[in-house]
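This report describes one protein chain from its overall form down to single residues. Please keep the sequence and the structure in view while reading.

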Amino acid sequence: MSLTILAVGAHMDDVEIGVGGILCQAVKEGHRFVSVVVASDHSSWKMTAGHEASVRSSQLELAEKYGYEKRFLDYAYHTVQPDNELKRKLAEIYVEVEPDITFVHHDHDHWPDHVSSGIAAKDAVLFSHGYTTNKTIHRCPRVFAYNTSPAQTFNFDPDFFIPVDKVMKEYMELMIEIDLCLPHTTREKLVVQEVKNLDTGLELSLTSYGRLKQAQCLEWGDMNGTRGYAIGLKTLWGPKDGRPLW
Ligand SMILES: [Zn+2]
């Protein structure tokens, strides 16, 4: 059965960093993956100001290449609030796409947009009847929190692990390519480390975020007992019996 998956990120790269491996696996298996970027007013961020159109089109081209959808709510950076306006916008997307699974930011994070987007998205997919005119829609059956980097997200204690060994290379490439949507950058500037697994032959090119995620995925794979790579998630809503995502 084909599922619909919704992932809400504050910034242009949060979903790709946080759950990019699940994204790659989901798309490969024929599921619909919809990503929402809350703070996407790129005139409000020093890295992208003056390059708004190219940053937007590059992200859409990347999403098309990888087979997922990307939407933008155009809030300014560092100003996102978990208010009813944002909850309503996210709830309208929820009612439209009716996801089976939603991924949101963990709400302990030093980046205020991450926290606000996480709270608003969780409320939107659990209580959408309160923010829209649809009074019959149900809660999203499964909602999980993801983290970004260890320096940003704190108190993140995952209770569910998704092995991503089969897509680890694509995941790390996606992280390079989302950063390539930024102006004035090249693959050579972004890739800071190469790793090779001498057992499997798997070679990974890593950005600075990729290096951190690769380390976390190894740790979570070990915690999961599978010894490979895994993404750790925190269950916010839905069964906690370890059943797979699909
Ligand atoms: Zn972010």
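The text below treats the chain as a whole, then its sheet, its zinc site and three loop residues.

**Basis of the description**

This is a predicted model, in which local features need pLDDT of at least 70 and side-chain atom pairs count only at pLDDT 80 or more, while totals for chains, interfaces and linings use all residues. Residues are numbered from 1 along each chain as its sequence is written, and side-chain values use heavy atoms, with hydrogens and water left out.

**The chain as a whole**

The secondary structure comes to 8 helices and 9 strands. Helices (H or I, at least four residues) and strands (E, at least two) are DSSP runs, numbered from the N terminus. The radius of gyration is 17 Å, close to the 18 Å that the globule rule gives for 246 residues, so the chain is as compact as a globular protein of that length. That radius is taken over C-alpha atoms, and the globule rule is 2.2 Å times the number of residues to the power 0.38. Along the principal axes, the C-alpha atoms fill a box of roughly 55 × 50 × 35 Å.

Of the 246 residues, 53% are buried. Buried means under 20% relative accessible area, exposed over 50%, and partly exposed in between (1.4 Å probe, protein chains only). Among the contacts with a separation of 6 or more, 77% are made by residues 24 or more positions apart; contact means heavy atoms within 4.5 Å.

**The sheet**

An open sheet is formed by 7 strands in the order β3-β2-β1-β4-β5-β9-β6, with mixed pairing. Two strands pair if DSSP finds at least two bridges between them. Strands β3 (69–72) and β6 (160–163) stand at the edges with a single partner strand each, so one side of each is left without a neighbour in the sheet. From one strand to the next, the twist averages 30°. Axes are lines fitted to C-alpha atoms, for helices over the stretch in contact, and angles run from 0 to 180 degrees between N-to-C directions.

Strand β1 is largely enclosed by the rest of the structure, because 6 of its 6 residues are buried. Thr-4, Leu-6 and Val-8 point one way from β1, whereas Ile-5, Ala-7 and Gly-9 point the other way. In a regular strand the side chains alternate between the two faces of the sheet. Strand β4 is likewise largely enclosed, since 5 of its 5 residues are buried.

β1 and β2 run parallel and are joined by 6 bridges; here Phe-33 is the bridge partner of Ile-5. Strand β1 (residues 4–9) also pairs in the parallel sense with β4 (residues 101–105), over 3 bridges. In β4, Ile-101 stands opposite Ile-5, and Phe-103 stands opposite Ala-7. The parallel pairing of β4 with β5 extends over 5 bridges, and Tyr-146 in β5 stands opposite His-105.

Helix α2 (residues 52–66) lies across β2 (32–37) and β3, running at about 155° to β3. Helix α4 (residues 112–126) packs on the sheet and touches β1, β4, β5 (142–146) and β9 (230–237); its direction makes about 155° with that of β4.

**The zinc site**

The protein donors of the zinc ion are His-11 (ND1), Asp-14 (OD), Asp-14 (OD) and His-114 (NE2), at 2.1 to 2.4 Å from it. Donors are N, O and S atoms within 2.8 Å of the metal (3.2 Å for Na, K and Ca); water is not among the atoms, so sites may look incomplete. Along the chain, the donors follow the spacing H-x2-D-x99-H. The 4 donor atoms subtend angles of 55 to 137° around the zinc ion, which makes the arrangement irregular. Four donors count as tetrahedral if all angles lie between 85 and 135 degrees; four count as square planar and six as octahedral if opposite donors are over 155 degrees apart and all others between 65 and 115; anything else is irregular. His-11 and Asp-14 are both buried.

**Three loop residues**

| Residue | Loop | Relative accessibility |
|---|---|---|
| Ser-149 | between β5 and β6 | 4%, buried |
| Asp-74 | between β3 and α3 (84–97) | 41%, partly exposed |
| His-184 | between α6 (168–179) and α7 (187–190) | 65%, exposed |

Not counting residues up to four places away in sequence, Ser-149 touches Tyr-209 and Leu-212. The C-alpha atoms of Ser-149 and Val-19 are separated by 12 Å, although these residues are 130 residues apart along the chain. Asp-74 has a positive phi of about 65° although it is not a glycine. His-184, in turn, has a positive phi near 55° and is also a residue other than glycine.
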